Amino acid sequence: MTAVPALRVTDLCKSFSGIMAANNLNVEAADGEIIGIIGANGAGKTVFVNMITGYLKPTSGKIEFQGKDITGIEPRNATHVGVCRSFQVSQVFMSMTVEENLLTALSICKQAGRAMLQSPRAPDLLIECEKLMELYNITGHRDQVASTLSQGVRKLLDIAMAVVSNPKILLLDEPTSGVSVEEKFGIMDIVIQALREQGATVLFVEHDMEIVERYVDRVLAFYQGEIICDAPPAEALINPQVIEYVIGGEHAPNMNASEDAIHA
Amino acid sequence: MNQILKNDATIRWAVLGFFVLAVAGYFMEAWVQNNIMFGLARGLAVLGLMVLWRTGLISFGHALYFGIGAYVVGLVDRNFGISDIFLRLFLAVGASAFVGFFLGFILRKYRGIFFAMLNLAFSMVLYGILVKVESLGSTDGFSVSQTTILGWTPENKYALFAAIVFVCAVGAILVQCYLKTALGTLTTAIRDNELRVEYLGFSVARAIHLKYIMSAGLAGASGALLAMALGQVDPDSMVNWPVSGELVFITVMAGPGSVIAPFLGGVAFEFLRTYAFELAPEAWQLIVGATLLGIIFFLPMGLWSLLERIWKRRGVSS
């Protein structure tokens with residue numbers, strides 16, 4: 001008997017007034033796998049992420065999490081079953097400090113009845129908060145208000161908040177968008193290492209092919225609502241269709257390899 | 001919860017402040033006592049509005065619950081002869097929270113101006129009914145008999161004053177405890193980012209509904225206390241739209257900084273109105289309006305922020 005995949009998407013479609021934003025998507029993700037989602041603007045990457053996390057209801061198709069149907073689930077219920085996400089624009093509590101953000105997030109996700117009537121500064125939450133800040137390297141910003149953080153640190157906080165409930169699947173929508181070039185790799189090193197430690201299956205949308213090449217186990221390339229390539233990065237990034245529709249010749253990570261592939 | 005009660009500085013100050021006020025009230029002139037009593041009573045409704053404001057919501061119609069509280073006191077007095085302050089309060093809070101529970105299912109879906117105006121609409125429906133129904137006293141309302149306290153009929157108004165101070169202190173402490181719980185921190189969290197709260201697994205609608213019921217109950221208590229302090233209920237001073245306006249006015253004037261602020265704001269408003277009326281009987285609203293403008297321009301976080309500033313400066317210099 002084959003193991004049940006962490007995530008299985010079958011024939012998933014989404015149309016907006018007749019325009020297919022997602023067309024027959026079929027994806028499986030194993031436990032602990034890290035998958036990069038690439039595609040030009042409007043290719044359907046975020047629609048895909050939004051459908052899995054309940055932000056959008058699919059027109060047809062099925063989404064299964066560990067064999068359980070979660071198609072069209074409410075966002076908060078997605079979190080309850082273990083599917084969490086971060087956003088392209090960091091969604092943190094801007095007027096709170098880094099520590100308050102994490103403590104609030106921790107106390108909300110541990111909302112089992114009476115826990116909501118306790119202080120968010122309960123000793124067990126403070127310990128967990130400390131661990132998270134260390135894991136995501138933001139301890140130094142503990143007392144800084146979120147609105148004054150740099151984009152990079154805010155992204156780290158955003159992702160730390162998305163994982164407070166120890167999700168089984170985490171979807172990150174452009175974790176490095178808006179982050180300076182110098183910060184990018186530092187942030188991804190921290191995030192990927194932390195997520196590997198937590199053993200979560202990660203799907204992240206990314207435009208930077210260097211990051212895709214360096215961190216993912218598998219690439220899903222989107223074009224006009226369809227997945228045109230599902231392969232390991234070494235293979236996907238030299239796929240002629242991916243080069244033509246996603247990467248674009250001049251942005252290819254390895255020009256020679258790309259050209260060879262085209263002329264082959 | 002015990003930990004919050006023990007360690008919170010605001011609660012210590014609230015207990016001390018209200019205790020001093022209760023004692024000082026004994027030596028006050030009747031008109032000062034009355035003003036403080038009215039101000040504190042309104043402060044309870046403002047406390048509820050402050051919780052909503054911290055969540056990013058403003059209601060222009062809480063006179064609905066204020067009125068329900070006041071009229072429940074009047075009706076249980078007239079029809080059943082219930083005169084005990086705590087029993088009256090219990091029934092008033094119950095009735096207003098009950099209405100808040102039902103209307104909350106509609107209101108929790110709305111934000112911003114729609115939330116504010118829908119509340120106003122509901123309050124005007126109640127106003128419309130009250131002015132038309134003869135048996136409820138129509139536009140004149142009806143009087144409320146003297147309040148008793150646990151079976152004792154006090155000889156002067158000081159007992160009611162002290163009881164109102166006590167009720168307000170309990171209200172402030174309970175709300176402060178609530179704000180310090182995980183559920184309470186959801187106020188700022190929802191104002192800052194509803195989407196994140198949903199994705200952390202909590203229903204924003206449910207959290208707002210709970211806060212709405214709470215604010216309705218507090219406004220009910222507020223109306224009930226004012227009805228007892230005035231000895232009278234009538235639609236124009238209990239349910240009409242300027243009553244809601246006054247509550248929002250005090251909320252902005254007091255600022256969202258502390259659970260003590262609404263009571264400070266309520267009392268300040270009563271004195272402002274009294275002196276403005278004495279100074280310019282024909283144009284007292286002008287003075288009241290100008291004061292609010294001044295506060296918005298120079299103290300955008302309300303009177304409470306002024307106290308905080310003074311406090312900090314004293315802290316630094318000592």
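Reader: What orientation do helix 3 of chain A and helix 5 of chain A have to each other?
Author: First, a word on this predicted model: local features need pLDDT (the predictor's confidence in each residue, from 0 to 100) of at least 70, side-chain atom pairs count only at pLDDT 80 or more, and totals for chains, interfaces and linings use all residues. Residues are numbered from 1 along each chain as its sequence is written, while chains are lettered from A and ligands numbered from 1 in the order in which they are written. Helix 3 (98-109) and helix 5 (151-162) of chain A (helices being DSSP runs of H or I with at least four residues, strands runs of E with at least two, numbered from the N terminus) pack at about 20 degrees with axes 9 Å apart, where axes are lines fitted to C-alpha atoms, for helices over the stretch in contact, and angles run from 0 to 180 degrees between N-to-C directions. Under 35 degrees counts as roughly parallel, over 145 as roughly antiparallel, 65 to 115 as roughly perpendicular and the rest as oblique, so helix 3 and helix 5 of chain A are roughly parallel.

Reader: Which residues of helix 5 of chain A make the contact with helix 3 of chain A?
Author: Two residues are in contact if their C-beta atoms, placed from the backbone, lie within 7 Å. By class, this contact has six nonpolar, one polar and no charged residues (Ala, Val, Leu, Ile, Met, Phe, Trp, Tyr, Cys and Pro count as nonpolar, Asp, Glu, Lys and Arg as charged, and the others, Gly among them, as polar). V98(A), N101(A), L102(A) and A105(A) of helix 3 of chain A meet, in helix 5 of chain A, L157(A), A160(A) and M161(A).

Reader: Which element gives the largest share of the side of chain A that touches chain B?
Author: Between the chains, 26 residues of chain A contact 21 residues of chain B. Helix 2 (75-81), strand 6 (83-86) and helix 3 of chain A are the elements that give two or more residues to the side of chain A. That side has 14 nonpolar, ten polar and two charged residues. The largest share, five residues, is given by helix 3 of chain A.

Reader: Which residues of chain B does helix 3 of chain A meet in helix 8 of chain B?
Author: These two helices, the second spanning residues 182-192 of chain B, pack at about 125 degrees with their axes 10 Å apart, which makes them oblique. Their contact divides into three nonpolar, three polar and no charged residues. From helix 3 of chain A come T104(A), S107(A) and I108(A), and opposite them in helix 8 of chain B are A182(B), T185(B) and A189(B).

Reader: How many nonpolar residues are in the contact of helix 3 of chain B with helix 7 of chain B?
Author: Helix 3 (30-54) and helix 7 (158-180) of chain B pack at about 20 degrees, their axes 10 Å apart, and that makes them roughly parallel. The residues in contact include L40(B), L44(B) and L47(B) of helix 3 of chain B and F161(B), I164(B) and V165(B) of helix 7 of chain B. Three residues of this contact are polar and none is charged, while the number of nonpolar ones is 13.

Reader: Which strands are at the edges of the six-stranded sheet of chain A?
Author: This open sheet has the order 6-7-8-3-9-10, with mixed pairing; two strands pair if DSSP finds at least two bridges between them. Within the sheet, strand 3 (34-39) and strand 8 (201-205) of chain A run parallel and are joined by four bridges. Pairing on one side only are strand 6 and strand 10 (226-231) of chain A.

Reader: In strand 2 of chain A, which residue is the bridge partner of K14(A)?
Author: Strand 1 and strand 2 belong to an open sheet of four strands with the order 2-1-4-5 in chain A and antiparallel pairing. Strand 2 (19-29) and strand 5 (68-69) of chain A stand at its edges, so each has one side without a neighbour in the sheet. Strand 1 and strand 2 of chain A form a hairpin with two residues between them, and S17(A) in the turn has a positive phi of about 45 degrees. Seven bridges pair these two strands, and K14(A) has as its partner in strand 2 of chain A the residue A22(A).

Reader: Where is confidence lowest in chain B?
Author: Chain B averages a pLDDT of 92, and 97% of the residues score at least 70. Helix 5 (85-107) of chain B has the highest mean, 97. The lowest mean, 65, belongs to residues 2-7 of chain B, helix 1.
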